[in-house]
Amino acid sequence: MAAKISVFIIVLTVICLGVAGFYFFESTAPLISPVHVPKSLGKNAHLQFDITDKGLGLKLLTLKIIQGEKTAMLPPKSFGSISPFKGSGILKITEGWDVSPKELGLREAKAKLCLEAMDYSWRNNTTLWQQEVDIDFTPPIITPLNAQNYLNSGGSGMVAFKVNEAVSQAGVQVDNLMFPAHHLPDKPVGEFATLFAIPFDVSLLDVFFIYAVDEAGNAGRAGINHKLFYKKPTVDSINISDGFLSRKMPEFSTRYPDAAGKNNYDTFLWVNTVLRKENNAEIAQICSKQTQEMLWRGVFMRLPNAAPRAGFADERHYIYNGKEIDRANHLGVDLASLANSPVPAANKGRVVFAGYLGIYGNVVILDHGMGLFSLYAHLQKIDVSVGQLVEQEAIIGHTGLTGLAGGDHLHYSMLVNGVFVNPVEWWDPKWIQEKIYDKLAVR
Ligand SMILES: [Zn+2]
């Protein structure tokens, strides 16, 4: 009997030790996967890792940066145990560290990032992850390549510049607008060009510079030599007749529930203010995705045999029964030809919008690359579809009077990065040569 009990106790002990060995002495070390680790660390950096463990869970994470003799320790992250036999139970965690290398006494040179993860196994399985990084506190140096820039309010501009190191972001800032830089394939590495817009209502540039941010997050700036010519928009009075309202307003009250049930006069005010704003926001949104490559070549084409009816940025005063009821700036050029005239693409580009767009009626928008777009409004008929690449002069639609148009005409707009610009500049071969191609020094 006693022998049987001893055998039973021995077997039980072996099983218990086996189980304990499996859980408490397991030998699988944690796994470290970097989520965000920049190649260079600037004054402030953020590092993030995914750490997983099998068994009793994670116990301790230690991050240090070693540079020569110096070791900078970051605050360790430890995880308490649920009970002496259960470990922390944390099998997967995402942890981040804010690192300020300068405050840690590190200098601008190579360094090694070391992250150690230890688990709750009684063996204390530990994984060491290491990676070399550059410590860099110096902002990039930007060299503008154009001596002088003559700009017009409501106009476009191009600047070329060089940056002495790899960048994560670069471009031109005009007040609170950012225009991204593009690298041209025929240019050396580190050389960029940015197409930008000066909004029509800007008469003085308070904030206007080239910016570049390196991979460590250091930001550099360079001023742009310029002369800005401001032209006050032409004032134009537009008579709103009851005939116009009864002809045009049903189009909007049918399409927009917000305009339904209003009388024609109130519908007009809603269309001219609320809808106009919404439509322009949608256009800016459409133009926020752009082709990097410059698809256009040379001068832009104007609707053939067409008379100008309204100019860019014209300040329109809307008059009803002899009283001014509203104001808006006209962000394009109106061109009138024969009714239903074929509309050619002003230059090579990709169709990014083809459909109905409120006050603009039936619209086609072409992406010409580098942030440049052209827009064709009030079309009777659209002859292209989204995604299509069209050559200059390809017929994309026919003129009409859809949207807020009193008569058959083409409303032609151009935009840089979603900002409306004066198309007249882009029709002028001398302007294109001097203000675009000479700046890029490509022909
Ligand atoms: Zn127009």
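**A colleague's note on the structure**

1. Let's start at G403. Leaving aside neighbours within four places in sequence, G403 is in contact with K248, E251, F252, Y356, G358, I359, Y360, G361 and H378. Please keep in mind as you read that this is a predicted model. G403 sits in the loop between β29 (395-399) and β30. With a relative accessible area of 0%, G403 is under the 20% cut-off and therefore counts as buried. N362 is 41 residues away from G403 in sequence, while the two C-alpha atoms are 7.2 Å apart in space.

2. Helix α2 is a good next stop. K248 and F252, which G403 contacts, are among the buried residues of this helix, together with F244, L245 and M249. What lies over these buried residues? The cover includes α3 (264-286), β21 (314-320) and β25 (349-356). A general rule helps in reading such a list: an α-helix has 3.6 residues a turn, so residues three or four places apart point the same way.

3. How far apart are the end C-alpha atoms of α2? They are 20 Å apart, which agrees with the 20 Å that its 14 residues (242-255) should span at 1.5 Å a residue. The helix has a kink as well: about 35°, at M249, shortly before the proline P250. M249 is also one of the buried residues of α2.

4. R255 belongs to helix α2 too. Its relative accessible area is 46%, so R255 is partly exposed. For a sense of distance across the model, try R255 and T71: their C-alpha atoms are 67 Å apart, with their positions 184 residues apart in sequence.

5. Now to the zinc ion. Which protein atoms are its donors? They are NE2 of H330, OD of D334 and ND1 of H411, at 2.0 to 2.1 Å from the ion. Along the chain, these donors follow the spacing H-x3-D-x76-H. D334 is in strand β23 (residues 333-336) and H411 is in strand β30 (residues 410-416), so this pair ties together parts that are 77 residues apart in sequence.

6. Are the donors D334 and H411 buried or exposed? D334 is buried, with a relative accessible area of 6%. H411 is buried as well, at 4% relative accessibility.

7. The largest pocket brings back a familiar name. Its volume is about 460 Å³. It is lined by 26 residues, and those nearest its centre are R316, D334, L404, A405 and H409. D334 is thus worth finding on screen, as one of the zinc donors and a residue of this lining.

8. Which element gives the most to the lining of the largest pocket? That is β19, with three residues. At least two residues each come from β19 (235-239), α3, β20 (307-310), β21, β22 (323-330) and β23. Of these elements, α3 and β21 were met above in the cover of the buried residues of α2.

9. Two backbone details deserve a look. D175 has a positive phi of about 50° although it is not a glycine, and N305 likewise has a positive phi of about 50° without being a glycine. D175 is placed in the loop between β13 (167-174) and β14 (177-180), whereas N305 is in the loop between α3 and β20. Their surroundings can be set side by side: D175 is partly exposed at 25% relative accessibility, and N305 is exposed at 76%.

10. Strand β9 (residues 126-135) holds I135. I135 is buried, with 4% relative accessibility. Its contacts, apart from neighbours within four places in sequence, are L41, Q67, P101, L106, R107, E108, A109 and A111. F312, 177 residues from I135 in sequence, has its C-alpha atom 50 Å from that of I135.

11. Finally, K227 is found in strand β18 (residues 226-229). A relative accessible area of 46% makes K227 partly exposed. Not counting residues up to four places away in sequence, K227 touches Q148, N149, Y150 and L151. The C-alpha atoms of K227 and L151 are 6.1 Å apart, although 76 residues separate the two along the chain.

Definitions and conventions: Residues numbered from 1 in each chain as written. Predicted model: local features only at pLDDT ≥ 70, side-chain atom pairs only at ≥ 80, totals over all residues. Heavy atoms only, no water. Helix = DSSP H or I, 4+ residues; strand = E, 2+ residues; numbered from the N terminus. Expected span 1.5 Å × (residues − 1). Bend = angle between axes of the 7 residues up to and from the residue. Buried < 20%, exposed > 50% of the residue type's maximum accessible area, 1.4 Å probe, protein only. Contact = heavy atoms within 4.5 Å. Donors = N, O, S within 2.8 Å, 3.2 Å for Na, K, Ca; no water. 1 Å grid on protein atoms, 1.4 Å probe; cavity = no way out; pocket = protein on both sides within 12 Å on 5 of 7 lines; lining within 4 Å. Points joined across faces, edges and corners; volume = space filled by probe spheres on them.
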